[in-house]
Amino acid sequence: MIVTHINGTSDNVCKCGSWLAHWKNHSGQTLPLYCPEDGCLQKPEVGAHVQIDNSADRSWYIVPLCSAHNRETGKSLDVSVSVMLVPAKAGRTCGKREEAVARTASSSERTPTRI
Ligand SMILES: [Zn+2]
Ligand SMILES: [Zn+2]
């Protein structure tokens, strides 16, 4: 999949703490052994902001990249389709998690058990 690496802001990080943590929390995947860029054998170390090329979807996504590829902003990258793109917009992903936590808390009424 061709994506453009955009110069995403490193501040404005959601509760996850870092964009790489955000990717791990929401992708449900384990960090790939290698940077997902085609042919790169470096370890992915940072969560980079990308936009999907040739798509009407202009939203920002997070994908793990090695630090060398993360430095090259404004370039197109051919990333492996097996690596999930996680929406960068914190409200759309991290907010959902909070809801789930709130729901679990309210439904955990204790039922007394008698022997
Ligand atoms: Zn997050
Ligand atoms: Zn790389």
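Here is a quick tour of this protein, from its overall layout down to a few single residues. The model is a predicted one. The protein has three helices and five strands, and from the N terminus on they come in the order β-α-β-β-α-β-β-α. Of its 115 residues, 23% count as buried. Among contacts between residues at least 6 apart in sequence, 69% join residues at least 24 apart.

**The sheet**

- The five strands form an open sheet in the order β4-β1-β2-β3-β5, and the pairing is antiparallel.
- At the edges sit β4 and β5, each of which pairs on one side only.
- Helix α1 packs on this sheet, where it touches β2, β3 and β5. The direction of α1 makes about 70° with that of β2.

**Strand β1 and its two neighbours**

- In general, side chains in a regular strand alternate between the two faces of the sheet.
- Strand β1 covers residues 2–5, and you can follow that alternation along it. Val-3 and His-5 point to one face and are buried, while Ile-2 and Thr-4 point to the other face and are not buried.
- On one flank, β1 is joined to β4 (residues 76–78) by three bridges, with the two strands running antiparallel. Look here for Ile-2 opposite Asp-78 and Val-3 opposite Leu-77.
- β1 also pairs with β2, again in the antiparallel sense and over three bridges. In this pairing Thr-4 stands opposite Gln-51, and His-5 has Val-50 as its bridge partner.

**From β2 to β3**

- Five bridges join β2 to β3, and these strands run antiparallel too.
- One facing pair to look for is Val-46 in β2 with Leu-65 in β3.
- The loop between β2 and β3 holds Asn-54. Its phi is near 55°, which is a positive value in a residue other than glycine.
- Is Asn-54 buried or exposed? Asn-54 counts as exposed, because it has 6 C-beta neighbours inside 10 Å and the exposed class takes in residues with 12 or fewer.

**Helix α1**

- Helix α1 spans residues 19–27, and its buried residues are Trp-19, His-22 and Trp-23.
- Those three cover an arc of only 100° around the axis, so they lie on the same side of α1.
- The general rule behind this is that an α-helix has 3.6 residues a turn, so residues three or four places apart point the same way.
- What do the buried residues of α1 pack against? They pack against β2 (46–52), β3 (61–65) and β5 (86–87).
- Lys-24 belongs to α1 as well, but Lys-24 is partly exposed, with 18 other C-beta atoms within 10 Å. That count falls short of the buried class, because 20 or more are needed there.
- Lys-24 and Pro-64 are 40 residues apart along the chain, yet their C-alpha atoms are separated by 9.0 Å.
- Just after α1 comes Gly-28, which takes a positive phi of about 70°.

**The nonpolar core**

- The largest nonpolar core has 16 residues.
- Which residues have the most contacts inside this core? They are Val-50, Tyr-61, Ile-62 and Val-63.
- α1, β2 and β3 each supply at least two residues of the core. The largest share, four residues, comes from β3.
- Val-63 is a good place to zoom in. Leaving out residues up to four places away in sequence, Val-63 touches Val-3, Pro-36, Ala-48, Val-50, Val-79, Val-83 and Leu-85.
- Two of those partners have already come up in this tour: Val-3 is one of the buried residues of β1, and Val-50 is the bridge partner of His-5 in β2.

Methods
Residues are numbered from 1 along each chain as its sequence is written. Chains are lettered from A and ligands numbered from 1 in the order in which they are written. This is a predicted model: local features need pLDDT of at least 70, side-chain atom pairs count only at pLDDT 80 or more; totals for chains, interfaces and linings use all residues. Two residues are in contact if their C-beta atoms, placed from the backbone, lie within 7 Å. The arc is that of the directions from the helix axis to the C-beta atoms. Two strands pair if DSSP finds at least two bridges between them. Axes are lines fitted to C-alpha atoms, for helices over the stretch in contact, and angles run from 0 to 180 degrees between N-to-C directions. A nonpolar core is a set of buried Ala, Val, Leu, Ile, Met, Phe, Trp, Tyr and Cys residues joined through C-beta atoms within 7 Å.
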